[in-house]
Amino acid sequence: MGSNPVSVVFKLYCLSIMTLVAAAYTVALRYTRTIASADMYFSTTAVFITEVIKLALSVVMLSKETGSPTRMKNTIVEHIFRSPKELLKLSVPSIVYAIQNNMAFLALSNLDAAVYQVTYQLKIPCTALCTVLMLNRSLSRLQWFSVFMLCGGVTLVQWKPAETTKVQIEQNPFLGFVAIAIAVLCSGFAGVYFEKVLKSSDTSLWIRNIQMYLSGIVVTLAGVYMTDGSNVIEKGFFFGYTPWVCFVVFLLSVGGLYTSVVVKYTDNIMKGFSAAAAIVLSTVASVFLFGLQITATFASGAVMVCVSIYLYGLPKQDTSKLTRQDGDKESRQKLITV
């Protein structure tokens, strides 16, 4: 009995952190791309820096896991320098994640944080579809219903996008929606692909992260000079960086790693509550920071999305027991009839 309260408190702590990270990242990124500064920073450099930070943090976590510098060195040599095929395998999700992160910056430059937060939940049906196709899993009828319900809610939100009164820069909502669509496709595929790689061997999670982030650094650095190369050379790599931008980079790097660690201590229902709470927090913040005007269609769509997330996370019903019970009842009835 004594361990239960601690378990509940820890789960609530995990839930709170995941919620705050998701909401704060979205709102802060939107703030830096709209009203924070006249000197706009290069989003590609921010994505590159996050990959470097993630790599450094993964090395630190690996050192704690191995317990000694010698063991860590041997592990890195074996799985990094002597495993080029594994590096190549992990370059696939690193490329996809790099595209996803860049699309998030583009989307939040053109859509309000609350609209983005709701629409980004399309990653759930995308992930579900990839899970069915790549991992040969099945979804319950309730999960399929929740997927269609979620899509309906997002359609309502995008039907007449909510307007913001405090954002004066020119925006393109259609471009923002296209960027989210690409981001959710990348999120679904990369997440399931990485899960498949993790479960295909007993290799440490931190080794897999290091393999992925090494490729990610190369990919995102190439993206910096292909997209903003001339401007970076002229104005500098850290042009336009403010404390708010550094905060966004921190959330994008540390938040992703932290969430991947604490997810194992929570269930799907709690993750659903976390996503729904992040939507609510993003909406409230958008009203005060960006002058978001909530419409009936936005409110209805947001509620549908929150409910669908909760339904999707409900545990599957064990039909085998029900079938067995029904069979026992039928056999008893036959015996009584005889």
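**A nonpolar patch, aromatic pairs and salt bridges in a predicted helical model**

Helix H4 (84-108) and helix H8 (173-199) each contribute at least two residues to a nonpolar patch. The model discussed here is a predicted one. The patch lies on the surface, covers about 420 Å² and is built from Ile 95, Ile 99, Phe 174, Val 178 and Ile 182. Of the contributing elements, H8 gives the most, with three residues. Ile 95 belongs to helix H4. The relative accessible area of Ile 95 is 38%, so this residue is partly exposed.

It is helpful to set this beside the record for the chain. In an unreviewed UniProt entry, the annotation "transmembrane region" is given to residues 12-29, 41-63, 142-159, 174-194, 206-226, 238-261, 273-292 and 298-314. Two of these segments can be compared with the model. Residues 12-29 are 100% helix and 0% strand, with 26 Å between the C-alpha atoms at the two ends. For residues 298-314 the figures are 94% helix and 0% strand, and the end C-alpha atoms are 25 Å apart.

Attention now turns to the aromatic side chains. A pair of aromatic rings is described by two quantities, the distance of the centres and the angle of the planes. Searching the whole structure gives 10 aromatic pairs. One of them joins Phe 48 and Phe 237: the ring centres are 5.8 Å apart and the planes stand at 75°, which makes the pair edge-to-face because angles over 60 degrees are classed that way. Phe 48 is part of helix H2 (residues 43-66), while Phe 237 sits in the loop between helix H10 (229-235) and helix H11 (243-262), so this pair ties together parts of the chain 189 residues apart in sequence. Both partners are under the 20% limit for burial: Phe 48 has a relative accessible area of 14% and is therefore buried, and Phe 237, at 18%, is likewise buried.

A second pair is formed by Phe 238 and Tyr 241, whose ring centres lie 5.4 Å apart with planes at 80°, so this pair too is edge-to-face. Here the two partners differ in exposure. Phe 238 is exposed, with a relative accessible area of 56%, whereas Tyr 241 counts as buried at 19%. These four residues are joined by Tyr 41 and Phe 105 in one aromatic cluster, made of Tyr 41, Phe 48, Phe 105, Phe 237, Phe 238 and Tyr 241.

Tyr 41 also has a charged neighbour: the charged end of Arg 33 sits over the ring of Tyr 41, 4.9 Å from the ring centre. A further contact of this kind involves Arg 30, which lies over the face of Phe 290 at 5.8 Å from the centre of the ring.

The next topic is charge pairing. Side chains of opposite charge can pair when their charged atoms come close. The structure has four salt bridges by the rule applied here. Within helix H4, Lys 89 and Glu 86 are three residues apart, about one turn of the helix, and they form a salt bridge in which the closest N and O atoms are 3.4 Å apart. Lys 89 is partly exposed, with 31% relative accessibility, and Glu 86 is also partly exposed, at 22%.

Glu 86 has another partner, Arg 208, with the closest N and O atoms 2.6 Å apart in this salt bridge. The pair links distant parts of the chain, since Glu 86 is in helix H4 and Arg 208 is in helix H9 (residues 205-227), 122 residues apart. Arg 208 is buried, its relative accessible area being 2%.

A salt bridge also connects the side chains of Glu 195 and Arg 137, at 2.6 Å from N to O. Glu 195 lies in helix H8 and Arg 137 in the loop between H6 and H7, so parts 58 residues apart in sequence are tied together. Glu 195 is partly exposed, with a relative accessible area of 21%, and Arg 137 is partly exposed at 37%. Through shared partners, Glu 86, Lys 89 and Arg 208 are joined by salt bridges into one network.

The loop that holds Arg 137 has a backbone feature as well. Asn 136 is found in the loop between helix H6 (123-135) and helix H7 (141-159). Most residues other than glycine have a negative phi. Asn 136, however, has a positive phi, near 55°. Its side is open: Asn 136 is exposed, with a relative accessible area of 68%.

Definitions and conventions:
Residues numbered from 1 in each chain as written. Predicted model: local features only at pLDDT ≥ 70, side-chain atom pairs only at ≥ 80, totals over all residues. Heavy atoms only, no water. UniProt positions renumbered as here; feature names shortened; annotations may be inferred. Helix = DSSP H or I, 4+ residues; strand = E, 2+ residues; numbered from the N terminus. Patch = residues over 30% accessible without salt bridge, like charges linked within 9 Å, V, L, I, M, F, W, Y side chains within 5 Å. Areas by Shrake-Rupley, 256 points an atom, 1.4 Å probe, with all protein chains shown as cover. Buried < 20%, exposed > 50% of the residue type's maximum accessible area, 1.4 Å probe, protein only. Phe/Tyr/Trp six-rings, centres within 6.5 Å; stacked < 30°, edge-to-face > 60°. Lys NZ or Arg CZ within 6 Å of the ring centre and 35° of its normal.
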